[in-house]
Amino acid sequence: MRYTVFGATGGVGREIVTQALAAGHEVTAVVRDPSRFTVTDPGLTVFTADGLQPEALRSAVAGRDAVLSGLGARSRADAGIATTLTRSVLAAMETEGTRRLVVVSASPLGGPPEGAGLVDRATTRVVSAVFKDIYRDLRAMEEALAHSATDWTAVRPPMLLDKPLTGVYRTAIGSNPRAARTIGRADVAHAMLAQVSRGETVGRTVGVAY
């Protein structure tokens with residue numbers, strides 16, 4: 001398959017690129033600063049885009065089987081970037097007729113799962129308050145997805161860890177898994193790639209956690 005990956009220099013985005021290449025797919029990695037991207041592979045094309053204007057992105061998404069996005073704020077000072085950049089990606093995809101899109105979001109947007117204990121509920125409230133600007137940005141991003149013409153899926157992980165790929169985690173369509181507390185970035189990338197061929201997750205959120 002032919003994939004385009006946005007946010008390819010980030011922790012999740014880089015994992016998407018390396019795992020997709022390892023599986024034999026052709027990958028276009030969209031980056032702002034190619035000097036920060038050190039992945040090399042015969043199946044890889046590095047596409048440099050500064051500012052992510054929709055017109056500049058059309059050739060990056062044209063003819064692709066799926067687009068995957070690791071775009072998001074790295075700090076509260078960057079809040080707003082996920083929505084702004086994702087709207088540019090959506091506009092480019094809609095112009096080119098590229099439909100499948102899988103993005104990373106965050107589990108607090110879904111609230112605690114049914115039957116969650118007091119600790120999980122309290123943790124969700126605290127985290128949502130501390131990072132409210134980032135989650136407001138992600139919620140607006142998901143609203144933009146919902147109003148788009150794409151076949152989108154938003155994967156919602158809890159706290160991200162730097163851990164090796166395990167391929168062993170829990171998912172829940174439309175909610176968070178019970179006691180969803182942590183997951184490695186490599187496994188988030190694995191889960192996102194798995195959604196590409198899952199028709200039942202189109203237009204849905206997918207909670208993922210260990």
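The legends below describe three close-up views of a predicted model.

Local features are taken at pLDDT of at least 70 and side-chain atom pairs at pLDDT 80 or more, while totals for chains, interfaces and linings use all residues. Residues are numbered from 1 along each chain as its sequence is written, and side-chain values use heavy atoms, without hydrogens and water.

**View 1. Crossing of helix H1 (residues 11–22) and helix H6 (residues 185–195).** The two axes, lines fitted to C-alpha atoms over the stretch in contact, come within 8 Å and cross at roughly 60°. H1 is therefore oblique to H6, a class outside the ranges under 35, over 145 and 65 to 115 degrees. The crossing is right-handed, meaning that the near helix is turned clockwise from the far one by less than a right angle. Gly11, Val12, Glu15, Ile16, Gln19 and Ala20 of H1 contact H6 residues including Arg185, Val188 and Met192 (contact: heavy atoms within 4.5 Å). The residues of this contact comprise 8 nonpolar, 3 polar and 2 charged.

**View 2. Helix H3 (residues 81–96) and its surroundings.** The end C-alpha atoms are 23 Å apart, which agrees with the 22 Å expected for 16 residues at 1.5 Å a residue. Among the buried residues (under 20% relative accessible area, 1.4 Å probe) are Leu85, Val89 and Met93. The buried residues of H3 pack against strands E1, E4 and E5 and helices H2 and H5. Just after H3, Gly97 has a positive phi of about 75°.

**View 3. Val208 in strand E10 (residues 204–209).** Val208 counts as buried because its relative accessibility is 1%. Tyr169 is 39 residues away in sequence, with a C-alpha to C-alpha distance of 6.9 Å. Val208 touches Tyr169, and its other contacts include Val155, Pro177 and Ala191.

Methods. Axes fitted to C-alpha atoms, helices over the stretch in contact; angles between N-to-C directions. Helix = DSSP H or I, 4+ residues; strand = E, 2+ residues; numbered from the N terminus. Nonpolar A, V, L, I, M, F, W, Y, C, P; charged D, E, K, R; others polar. Expected span 1.5 Å × (residues − 1). Buried < 20%, exposed > 50% of the residue type's maximum accessible area, 1.4 Å probe, protein only. Lists of a residue's contacts leave out its neighbours within four places in sequence.
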